[in-house]
Amino acid sequence: MPSRQASSPPPVAPAATDELARSRGIQHATLVAILTNSLLTIGQVVIGLFAGAFSLVADAAHTLSDLVTDLLVLLAGRHSADPADTNHPYGHGRIETVTTLVLGAVLGAVGVGFLWSSGIRLQGIEALPQLHPAALVMALLTLAAKESLFRYTLAAARRLNAPMLEANAWHARSDAASSLVVAAGIGGSLAGYPFLEPLAAAVVGFLILHMGIRLAW
């Protein structure tokens, strides 16, 4: 009887292999962002409530919104490398384009939120509570973590040629800017100048809004 040979799996095309590696790289970078934002959210809420820093708690809500966009990027990174099918004859690569558009819209909304909140704070400077110095320490730690996350994600995005990952990197940079606003506001409040926080928030709000519109376009 002729011997039966085990059938070998069909060879994987180099292009498919490269796309799979790219997808895994996007997922890895996004998982790092998810872990970082999760830890920062917990730290900001705990320290913010302890120190009486509402701005830090608000920044925690901003960081929490990053988890949502991180999950969007993770989902897109997994499915953008899927092969073409009946419903997607040109593949799933345009998921990245849609995700980039969503991230740009989120940035625009965050910018509008900064402008709105800064206006409210400017009208109620006298009602701002006394802050504990621990809030400033947490704000500076958040700023350093967000800036490091931005540089890491941006490097990964350019290495993998992933526009949606680059959009997420700039989202992290906008968070670093918001953390800078919080740090400046808390520092100014501790030094006796509470008006610095809403004023800086307005400037950063315009910058984030502009960035969001550019990415969405």
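Two aromatic rings of Phe, Tyr or Trp (for Trp, its six-membered ring) form a pair if their centres lie within 6.5 Å. The exercises below apply this and similar criteria to a predicted model.

**Exercise 1. The aromatic pair**

Task: Determine how many aromatic pairs the whole structure holds, and describe the geometry and the location of what is found.

Solution.
- Step 1. A search of the whole structure yields 1 aromatic pair.
- Step 2. The partners are Phe-150 and Trp-170, with ring centres 4.9 Å apart and an angle of 55° between the planes.
- Step 3. Planes under 30 degrees apart count as stacked, those over 60 as edge-to-face, and the rest as tilted. The pair of Phe-150 and Trp-170 is therefore tilted, given its 55° between the planes.
- Step 4. Phe-150 belongs to helix H4 and Trp-170 to helix H5, so the pair links distant parts of the chain, 20 residues apart.
- Step 5. Buried means under 20% relative accessible area. Phe-150 has a relative accessibility of 4%, which means that Phe-150 counts as buried.

**Exercise 2. The fold of the chain**

Task: State which secondary structure elements the protein chain contains, and what share of its residues is buried.

Solution.
- Step 1. The protein chain has 6 helices and 0 strands.
- Step 2. Along the sequence, these elements give the pattern α-α-α-α-α-α.
- Step 3. Of the 217 residues in the protein chain, 40% are buried.

**Exercise 3. The packing of H4 and H5**

Task: Describe how helix H4 packs with helix H5, giving the angle, the distance between the axes and the handedness of the crossing.

Solution.
- Step 1. Two packed helices are described by the angle between their axes and by the distance between the axes.
- Step 2. Helix H4 spans residues 133–160 and helix H5 spans residues 163–191; they pack at an angle of about 165°, and their axes are 8 Å apart.
- Step 3. Angles over 145 degrees count as roughly antiparallel. H4 is therefore roughly antiparallel to H5.
- Step 4. The crossing in which H4 passes H5 is left-handed.
- Step 5. Sorted by class, the contact of H4 with H5 comprises 22 nonpolar, 4 polar and 6 charged residues.

**Exercise 4. The salt bridges**

Task: Count the salt bridges, name their partners and find where each partner lies.

Solution.
- Step 1. A salt bridge requires a side-chain nitrogen of Lys or Arg within 4 Å of a carboxyl oxygen of Asp or Glu. By this rule, the count is 2 salt bridges.
- Step 2. One of them joins Arg-151 to Glu-147, with the closest N and O atoms 3.2 Å apart. Arg-151 and Glu-147 are separated by about one helical turn, because they stand 4 residues apart in helix H4.
- Step 3. Arg-173 also forms a salt bridge with Glu-147, and here the closest N and O atoms are 2.8 Å apart. This pair links distant parts of the chain, since Arg-173 is in helix H5 and Glu-147 is in helix H4, 26 residues apart.
- Step 4. Glu-147, Arg-151 and Arg-173 are thus linked in a network of salt bridges.
- Step 5. Residues over 50% relative accessible area are exposed, and those between 20% and 50% are partly exposed. Arg-151, at 55% relative accessibility, therefore counts as exposed, whereas Arg-173, at 26%, is partly exposed.

**Exercise 5. Individual residues**

Task: For Asn-161, Asp-175, Gly-185 and Leu-75, state where each residue lies and whether it is buried, partly exposed or exposed.

Solution.
- Step 1. Asn-161 lies in the loop between H4 and H5. Its relative accessibility is 58%, so Asn-161 counts as exposed. Asn-161 also has a positive phi of about 55°, although it is not a glycine.
- Step 2. Asp-175 is in helix H5. With a relative accessible area of 2%, Asp-175 is buried. The C-alpha atoms of Asp-175 and Thr-142 are 9.0 Å apart, while the two residues stand 33 residues apart along the chain.
- Step 3. Gly-185 is likewise found in helix H5. Its relative accessible area of 1% means that Gly-185 is buried. Between the C-alpha atoms of Gly-185 and Leu-199, 14 residues apart along the chain, the separation is 8.8 Å.
- Step 4. Leu-75 has its place in helix H2, which covers residues 54–79. At 47% relative accessibility, Leu-75 counts as partly exposed. Leu-75 and Thr-30 are 45 residues apart along the chain, and their C-alpha atoms are separated by 9.8 Å.

Note on methods:
Residues numbered from 1 in each chain as written. Predicted model: local features only at pLDDT ≥ 70, side-chain atom pairs only at ≥ 80, totals over all residues. Heavy atoms only, no water. Axes fitted to C-alpha atoms, helices over the stretch in contact; angles between N-to-C directions. Helix = DSSP H or I, 4+ residues; strand = E, 2+ residues; numbered from the N terminus. Parallel < 35°, antiparallel > 145°, perpendicular 65-115°, else oblique. Left-handed = near helix turned anticlockwise from the far one by under 90°. Nonpolar A, V, L, I, M, F, W, Y, C, P; charged D, E, K, R; others polar. Buried < 20%, exposed > 50% of the residue type's maximum accessible area, 1.4 Å probe, protein only.
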